[in-house]
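This report describes the backbone, core and surface features of one protein chain. The sequence and the model are shown first.

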Amino acid sequence: MQELKQKYDWKMTQLMKAAKSGTKDGLEKTKIAVMRKVTFLHRKEAPGDSEEEDTGFLEVTVSDMKHPPPELGPMPEGLSPQQVVRRHILGSIVQSERSYVDSLKRILQDYRNPLMEMEPKVLSARKCQVVFFRLKEILQCHSMFQIALASRVAEWDSAEKIGDLFVASFSKSMVLDVYSDYVNNFTTAMSLIKKACLTKPAFLDFLKKRQMASADRVTLYGLMVKPIQRFPQFILLLQDMLKNTPKGHADRLSLQLALTELETLAEKLNEQKRLADQVAEIQQLSKSMSDRSSLNKLLSSGQRQLLLCETLTETVYGDRGQLIKSKERKVFLLNDMLVCANINFKGQLEISSLVPLGPKYVVKWSTALPQVQVVEVGQESGAYDKDNVVIHNAGAKKHAPAGQSSHNKVYLGPPRLFQELQDLQKDLAVVEQITLLISTLHGTYQNLNMTVAQDWCLALQRMMKVKEEEIHSANKCRLRLLLPGKPDKSGRPISVMVVFITPNPLSKISWVNRLHLAKIGLREENQPGWLCPDEDKKSKAPFWCPILSCHMPAFSKALDLQLGAAVHNPVQSSLLGFSAVSTSLPQGYLWVGGGQEGAGGQVEIFSLNRAVPRTVKSFPVASPVLCMEYIPEVGEGEPSGTQDPQPTTDQPPTSPHPTVCLGLQDGSIAVYGSVDTGTQCLLTCKSPGSQPVLCLKHSPEYLFAGLQDGTVAAYPRSNGGLWDPAEQPTRLAVGTGPVRALLTLDETLWASCANQVTVLDATRLRPQQTFEAHPDAEASVTHMIKAGSGVWMAFSSGSSIRLFHTETLEHLQEINIATRTTFVLPGQKHVRVTSLLICQGSLWVGTDQGIIVLLPVPRLEGIPKITGKGMVSLNGHGGPVEFLAVALSTLAPDVLKGDQEEEEEGEEEKPTELDGPLPREMRKKGILLQYRLRSTSHLPGQLLSVREAPVANTLAHTEEDGSIYEMADDPDVWVRSRPCARDAPRKEISSVAIVSGGRGYRNFNAESPRRGSDADSTLLIWQVPLML
């Protein structure tokens, strides 16, 4: 006994040492590991490979007597408000961790242990192992974390540090291992429980009793889902802590590193959960088919990827547009096919309250993706070849009347609205003719005068506007798909129209976008489009990577021009239809500049409001374009710095429209208006000494230009919001070599010269400090980009990129790009980085070989260190990647609005028209036509019961009541009603495309050595699925 006790105590002291050493110097270890480019989260091939890593798996119970749970003492006096908040957040961390550990203990004590000991067994020991797999180890990890947390909480008021504790506790590969195993096993565990519930009444009874006996009535499922939610909870708490930790605080860098660590862990677990769910859905679908069916063979081949699946309502309309029937279907979008299934819920409902029951599916139809077309209401004409296609409405009677099929008119719900709109347009034309006739009358008649005639016109115009809105609303949640059917007797192809109603506008956008991109993903250049070095050269499935949507010449005229720079000028187009928004590239214009050494320059502008860009304008400039900067109008993307209106000036400054600045080889800076205002050159100025302008960046007060002679020129904004060409710029000396890169960060400007970076105060224009970015004096900094709390830099020589902290300027990580590119071009040791870009959790790196590398970086405000091997694109350029640019636009919020939000916004927009509270009559459902009518008591329509205040000085015609056109009874119209969820946050949806520019197009896939011409400057455009 004595020996056993000693052994137990020795184990405990070892564990305590591990926990404590992990907390004390964890941060130092982390930094060293980062510098060595070691990823903390590499997975061991098999658990238990190394003795040291596996110490956490020792069977050890941590007693509450020896190690009481962390407890925060009374708050000392004299704390700053920020310290008080930090203390409260620490309290939340302690409390949530205690609750989590209690939940884990409950699973083991209330469920696992009784089931293991029960006689006769309702669940075999082997099944118990599967259901509760890895829970003991997860509890162990968190018990050790609690011990370390207790010591940290005890010394909080003197040290105030917690970030390094998270780094040390959750950067161990053991944590990823046990959580990964748990997440991967979760679906299997749930299906086992579900099966046992259906087949063993004693097991179901046991679960019910346990749930009823617990104080909070949480089910076993509710407890077991907690490990999956744990890291997102930690991340929210650490984000709060970081917000309340001032710069320069000892805990700040370690909190940022901890946030990165947890985000990486959560991302990996999310991805594994997504893949496990995808496999489960595909298995569920293939179970519903006979083993011999070709579809089942396709699904079980393992080559299929599930991109989207959702329950949609299929609706069937009669030939007059009336709704005949509607039924819920499960629709699956796979990477190369679309499958629609009936949903069949079988089993007891009481079980579904204990564990989610998966439905059984019966496949209704499936079709190859290239043959599926999305047809919007009003787009019927161009979607298919009218003469050779007969359309049948799926689910309706098969044969339409002869007259209808010959005219090919399909009245499916909303098209009826089009017919009504056309009728209104015809009526308006007639009324306008009547108005002309009335104007020729010589006599004066009470209800036959110009005022009444104009009111008729106005009323019809308003009705047309309402009808257009109805059509727009009908499109918002209506997904209409044209599918191939069997040919008719004469051999003509029959197309079948299937109409689904999506739960909300967001869902519709998602379906249209993913259908569009999945089709592009099937093209040869995207099969595969990327290689993943970490998986033994396995290719990544195309959909979760950016998809190459097109490659095209950069300049329309056959000029031998060198590419210089590109920039995206976002512009919202209200003319784009609902689906066009989901399939087009990010809205706006792409400006591409270049030129030829010793000759002039050229600018080409492409419109992106479509699936493939087209040139809208090109013009020459005096000298080759070296750099570009897009400057949004004040309030669009930046705070107004010195934009307060000055009452002393005669004319208040106008808010300038967005502008694009070009920096040229001959030292000129040209400022152009955007395309919508005619792209006129607003002003040009010369740099001091006509030095070539290598880079441009702007702040609210200044335009900064990095020059060839080692200086930065700062041009102040003038009253009109542009830069004053007459005023001499302030010159800031940075070094002797050229200033190749500029970066604006908060209140500072980073400028690079040779291997040094100088941090300048962007308001006072004074240097703050200079640091060395590379030990080699020959390696000049060529690119700097910010993400989170770090800046990545690329250099003129060598194949490495380096990461620096924005606050302490510490060097945190170095990555060698050459190790990635060798997978595509073996033997190429000398690789140079020629362009950098960070976008939505990915660091894009362009090289002088024409190869593009994609590396994962965290998205949050932590340290953007690279946490995985990344991917290499098999599509690239024949020469160096001259630039990488991002085109990003946010979908107009009105596209996403549901009916309630539109009503709410409508009310907010009309405060001037209606004084006082809203009358009850206007609150009822319906679309209100609010127009001002004069002497219209004889016009048809219901009388409006609300009188608007008479407008001053219109004594001749006082306003009378007009009409409300009530649409509420029509099932095809989205009825506006009073908003309920006024405070619901509206999501923004970002549409993103990445543009690379370089010589020629090249496909690096070994099987297809197809290359474009290496001579011409070429743009490659990748699209990323809409971030919903």
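Where is leucine 765 placed? Leucine 765 lies in the loop between β26 (756-761) and β27 (767-772), where helices (H or I, at least four residues) and strands (E, at least two) are DSSP runs numbered from the N terminus. The model is predicted, so local features need pLDDT of at least 70 and side-chain atom pairs count only at pLDDT 80 or more, while totals for chains, interfaces and linings use all residues. Residues are numbered from 1 along each chain as its sequence is written, and side-chain values use heavy atoms, with hydrogens and water left out.

## Overall architecture

The secondary structure comprises 23 helices and 42 strands. Of the 1028 residues in the chain, 51% are buried; buried means under 20% relative accessible area, exposed over 50%, and partly exposed in between (1.4 Å probe, protein chains only). The chain exposes about 47,700 Å², of which carbon and sulfur atoms supply 53%; accessible areas come from the Shrake-Rupley method with a 1.4 Å probe, and for residues only the protein chains shown count as cover. Among contacts (heavy atoms within 4.5 Å) with a separation of 6 or more, 66% join residues 24 or more positions apart.

The largest nonpolar core has 91 residues, and Phe166, Met224, Phe231, Trp792, Ile801 and Leu843 touch the most other members. Helix α8 (residues 173-199) supplies the largest share of this core, 13 residues. Such a core is a set of buried Ala, Val, Leu, Ile, Met, Phe, Trp, Tyr and Cys residues joined through side-chain atoms within 4.5 Å.

## Backbone features in loops

Most residues other than glycine have a negative phi, and most peptide bonds are trans. The table lists residues and bonds that depart from this pattern.

| Residue or bond | Backbone value | Loop |
|---|---|---|
| Glutamate 119 to proline 120 | cis, omega near -10° | proline 120: between α3 (81-117) and α4 (125-131) |
| Glutamine 527 to proline 528 | cis, omega near -10° | proline 528: between α19 (505-521) and β9 (530-532) |
| Arginine 134 | phi near 70° | between α4 and α5 (135-154) |
| Leucine 765 | phi near 60° | between β26 (756-761) and β27 (767-772) |

Arginine 134 counts as buried because its relative accessible area is 11%. Leucine 765 is likewise buried, with a relative accessible area of 11%.

## Helix α17 and the loop that follows

Threonine 435 belongs to helix α17 and, at 11% relative accessibility, counts as buried. Apart from residues up to four places away in sequence, threonine 435 touches Met450, Ala453 and Cys457. Tryptophan 456 is 21 residues from threonine 435 in sequence, with a C-alpha to C-alpha distance of 9.1 Å.

Leucine 441 is found in the loop between α17 (414-438) and α18 (450-476). Its relative accessibility of 37% makes leucine 441 partly exposed. Together with Tyr445 and Leu448, Leu441 forms a nonpolar surface patch with about 270 Å² of accessible area. Patches are made of residues with over 30% relative accessible area and no salt bridge, like charges being joined within 9 Å and nonpolar side chains (Val, Leu, Ile, Met, Phe, Trp, Tyr) within 5 Å; a salt bridge is a side-chain nitrogen of Lys or Arg within 4 Å of a carboxyl oxygen of Asp or Glu.

## Cysteines

How many disulfides does a search of the whole structure find? The search finds zero, a disulfide being a pair of cysteine sulfur atoms within 2.5 Å. Cysteine 309 is partly exposed, with a relative accessible area of 23%, whereas cysteine 753 is buried, at 6%.
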